[in-house]
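This briefing goes through a handful of local features, grouped by topic. Please keep the sequence and the structure open while reading.

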Amino acid sequence: MSSRGFLSKLQNVETPCYFYDMELLNKTLDVVVKESSRYGYKVHYAMKANFDPRILEAVRKAGLGADCVSGNEVKGAITAGIPASEIVFAGVAKSDKEIRYALEQNIFAFNVESGNELEVINQIAGEMGRKAHVAFRINPDVDPKTHKNISTGHADSKFGISYTEVDEVIASLDNLKNIEIVGLHFHVGSQIRDMKVFENLCNRVNVIKDWFKKSGIVLKHINLGGGLGINYDDPESELIPDFAGYFAVFKKYLDVEPGQTVHFELGRSIVAQCGELITRVLYNKKTASGTNYILVDAGMTDLIRPALYSAKHKIVNLSADKGDEVYTVGGPICESSDIFARGIHLPVTKRGDILAMLSAGAYGYAMVSHYNMRDLPGVIYSDQL
Ligand code: LLP
């Protein structure tokens, strides 16, 4: 049940805080498992979206693996009980310490993002007397048609090995004795709602896979990354994203060889809709130019997406339903970009009202900060209220 159903309990809760609808999370995970296992696909949850321990517990119980982007995320996944054999580790600038830790744990695969990184992993693995399992992250140069700050697979991006460099990297493998190539990895961007992008990705992957095959390299695994988008405009109409349609695109367009396994790294689509940022209205004021402000106790330190990407999170007033006013909603941070929404319609809203910012379960708490020496927001779970 969304926070609307818990209003009486929220009255006494300190704000700002994140509210997680655990029932919705579990339902979403059930759909992910059902739709991916239809084709034998393996999903690794992208921990960067939300590393809350209760969320990780639900992910582990559902049987998903983990996609990590730092040594601490690898550690967090292992602490949450996710087996190392189901952990993938990406990142353009993995430190030696992180590489060493992941090698000690014997993770499923390092998603390697440059020829230089490959040499370093080879060297560290040699020093440790280990063999590193490596998937090449290839930059496929596919336009993800999403916000430029969250697209990663275009030709000039810092992510992945450029497809123009693939031959050189394959040639270097003879000298890298501590590396075992287990597969390929791709990720073109996030918040992708146009399924055509994933179709284009498959077509590109089919070609790139063939280059490796021709070089005699056996690819056991193909990892297509994450990126499935969610409905921020009207979340209540689509609480669970279209996982059936998403996986069906790969089933239809991706060429898979016998024995090859297909992997995904979904983050946002699994956790975004189960999370809401709950905040209280502190003040109303009107500017000389007529803008009607609501100032709330949550700021960009609690949810940075609107300030960073001009992202829109639907805002609802849980305490009031009378009238219709146009408001701009701002927070307490000393930055003009600390605005959650401009010119939105809400019922007449006043001090003490409780507002919920929807679809905040992904990249919400995960990106909080102490800027302005702020406290971090609290966290409450629907099944503990
Ligand atoms: N795999 C890799 C290699 C990634 O870089 C990402 C996200 C994912 C998987 C998961 O993607 P998802 O399924 O969540 O779209 N902070 C931004 C999003 C950054 C995404 C970074 N990479 C936001 O708030 O929109």
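**Q260 and its contacts**

The side chain of Q260 reaches the backbone oxygen of L219, at a distance of 2.9 Å. The model is a predicted one. The points below take Q260 further, then turn to N206, the ligand, and the helices α2 and α6.

- Q260 sits in the loop that runs between α9 and β10 (261-264).
- Q260 counts as buried because its relative accessibility is 11%, and the cut-off for buried is under 20%.
- A second polar contact of the Q260 side chain is with the side chain of K209, at 3.1 Å.
- Leaving aside residues up to four places away in sequence, Q260 touches K209, L219, K220, H221, I222 and D255.

**N206 in helix α8**

- N206 is part of helix α8, which covers residues 195-214.
- With a relative accessibility of 11%, N206 counts as buried.
- The N206 side chain reaches the backbone oxygen of Y253 at 2.9 Å.
- When residues up to four places away in sequence are not counted, N206 touches Y253, L254 and D255.
- D255 is thus named among the contacts of N206 and also among those of Q260.

**The ligand and its surroundings**

- The ligand is surrounded by 18 residues, of which the closest are S190, E265, R305, Y309 and Y363.
- E265 places a polar side-chain atom 2.6 Å from a nitrogen atom of the ligand.
- The side chain of Y363 has an N or O atom 2.6 Å from an oxygen atom of the ligand.
- R268 takes part through its backbone, with an N or O atom 2.8 Å from an oxygen atom of the ligand.
- On its own the ligand has 590 Å² of accessible area, and the protein covers 91% of this.

**Helix α2**

- Helix α2 has 16 residues (residues 22-37), and at 1.5 Å a residue these should span 22 Å; the C-alpha atoms at its ends are 22 Å apart, so the two values agree.
- The buried residues in α2 are M22, L24, L25, T28, L29, V32, E35 and S36.
- Seen down the axis of α2, these buried residues fall within an arc of 160°, and therefore they line one face of the helix.
- D30 and K34 are exposed and belong to the face of α2 turned away from its buried side.
- The packing partners of the buried α2 residues are the strands β1 (17-20), β2 (42-46) and β17 (378-381), together with the helices α3 (53-62), α9 (243-253) and α10 (268-271).
- At the N-terminal end, α2 is capped by D21, which has a side-chain oxygen 3.2 Å from the backbone nitrogen of E23.

**Helix α6**

- Helix α6 has 14 residues (residues 115-128) and should span 20 Å at 1.5 Å a residue; its end C-alpha atoms are 20 Å apart, so the model agrees with the expected span.
- Which residues of α6 are buried? They are E117, L118, I121, N122, I124 and A125.
- These buried residues of α6 pack against the helices α5 (96-105) and α7 (166-172), and against the strands β5 (109-112), β6 (132-139) and β8 (179-185).
- G129, just after α6, takes a positive phi of about 65°.

Methods:
Residues are numbered from 1 along each chain as its sequence is written. This is a predicted model: local features need pLDDT of at least 70, side-chain atom pairs count only at pLDDT 80 or more; totals for chains, interfaces and linings use all residues. Side-chain values use heavy atoms; hydrogens and water are left out. Helices (H or I, at least four residues) and strands (E, at least two) are DSSP runs, numbered from the N terminus. The expected span of a helix is 1.5 Å times one less than its number of residues. Buried means under 20% relative accessible area, exposed over 50%, partly exposed in between (1.4 Å probe, protein chains only). The arc is that of the directions from the helix axis to the C-beta atoms. Contact means heavy atoms within 4.5 Å. A polar contact is a pair of N or O atoms within 3.5 Å; within protein, one must be able to donate a hydrogen and the other to accept it, and residues adjacent in sequence count only if both atoms are side-chain atoms. A residue is near a molecule or strand if one of its heavy atoms lies within 4 Å of it. Accessible areas come from the Shrake-Rupley method with a 1.4 Å probe; for residues, only the protein chains shown count as cover.
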